[in-house]
Amino acid sequence: MCFFWNGIFGHIFPVLCGVRQGSVLSPILFSIYIDDLIKRLRQSGYGVHIGSLLVGSILYADDIALLSSSCRGLQKMLDICADFGHEKPVVNYRR
């Protein structure tokens, strides 16, 4: 893998984990992996109320947007995401 920016290729580096983007299974595997995080964020109660609906995170493809009405709430949500990332194992693979 390498980055290409402004007509210049960066240094080549290996990618040893993750799901290949564009794969048929990518959305399904991401949904399975991220489901526990969504539950934790929902249970925390942090987010923004839109009418009677609590919205704390919006997910699309492999992007996550966190919404909060305060800096403290947003920090708590980031802490939940960080804890989740440290707890959940990532499967490594080599080609």
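Select Phe 13 to begin, a residue that counts as partly exposed because its relative accessibility is 32%. Phe 13 sits in the loop between E2 and H1, in what is, as should be kept in mind throughout the tour, a predicted model. If residues up to four places away in sequence are not counted, Phe 13 touches Met 1, Cys 2 and Phe 3. Add Cys 2 to the selection and compare the C-alpha positions: Phe 13 and Cys 2 are 6.2 Å apart in space, and 11 residues apart in sequence.

Now colour the whole protein by secondary structure, which shows 2 helices and 6 strands, arranged along the sequence in the pattern β-β-α-β-β-β-β-α. Of the 95 residues, 12% count as buried, and the accessible surface comes to about 7800 Å², with 62% of that surface belonging to carbon and sulfur atoms. Among contacts between residues at least 6 apart in sequence, 46% join residues at least 24 apart.

Next, select Asn 6, which lies in the loop between strand E1 (4–5) and strand E2 (8–9). Although Asn 6 is not a glycine, its phi is positive, at about 55°. Is Asn 6 buried or exposed? With a relative accessibility of 63%, Asn 6 counts as exposed.

The aromatic side chains come next, and the structure holds 3 aromatic pairs. One of them is formed by Phe 4 and Phe 9, whose ring centres are 4.6 Å apart and whose planes meet at 50°, so this pair is classed as tilted. Phe 4 and Phe 9 are both exposed. Another pair to display is that of Tyr 33 and Phe 84, where the ring centres are 5.5 Å apart and the planes stand at 70°, so the arrangement is edge-to-face. This pair links distant parts of the chain, with Tyr 33 in helix H1 (residues 26–44) and Phe 84 in helix H2 (residues 71–87), 51 residues apart. Tyr 33 counts as partly exposed because its relative accessibility is 29%, whereas Phe 84, at 3%, counts as buried.

With those two rings still on display, show helices H1 and H2 in full. Two packed helices are described by the angle between their axes and the distance between the axes. For H1 and H2 the angle is about 150° and the axes are 10 Å apart, and H1 passes H2 in a right-handed crossing. Which residues of H1 and H2 make the contact? On the H1 side, select Tyr 33, Ile 34, Asp 36, Leu 37, Arg 40, Leu 41 and Ser 44; on the H2 side, select Met 77, Ile 80, Cys 81, Asp 83, Phe 84 and Glu 87. Coloured by residue class, the residues of this contact divide into 8 nonpolar, 1 polar and 4 charged. Tyr 33 and Phe 84 both appear among the residues of this contact.

For the last stop, stay on helix H2 and select Gly 73, which is found in that helix. Gly 73 counts as buried because its relative accessible area is 1%. Leaving aside neighbours within four places in sequence, Gly 73 is in contact with Tyr 46 and Ser 68, so these two residues are worth showing together with the glycine. Finally, add Gly 45 and display the C-alpha atoms: those of Gly 73 and Gly 45 are separated by 9.1 Å, with their positions 28 residues apart along the chain.

Terms used. Residues numbered from 1 in each chain as written. Predicted model: local features only at pLDDT ≥ 70, side-chain atom pairs only at ≥ 80, totals over all residues. Heavy atoms only, no water. Phe/Tyr/Trp six-rings, centres within 6.5 Å; stacked < 30°, edge-to-face > 60°. Buried < 20%, exposed > 50% of the residue type's maximum accessible area, 1.4 Å probe, protein only. Helix = DSSP H or I, 4+ residues; strand = E, 2+ residues; numbered from the N terminus. Axes fitted to C-alpha atoms, helices over the stretch in contact; angles between N-to-C directions. Left-handed = near helix turned anticlockwise from the far one by under 90°. Contact = heavy atoms within 4.5 Å. Nonpolar A, V, L, I, M, F, W, Y, C, P; charged D, E, K, R; others polar. Areas by Shrake-Rupley, 256 points an atom, 1.4 Å probe, with all protein chains shown as cover.
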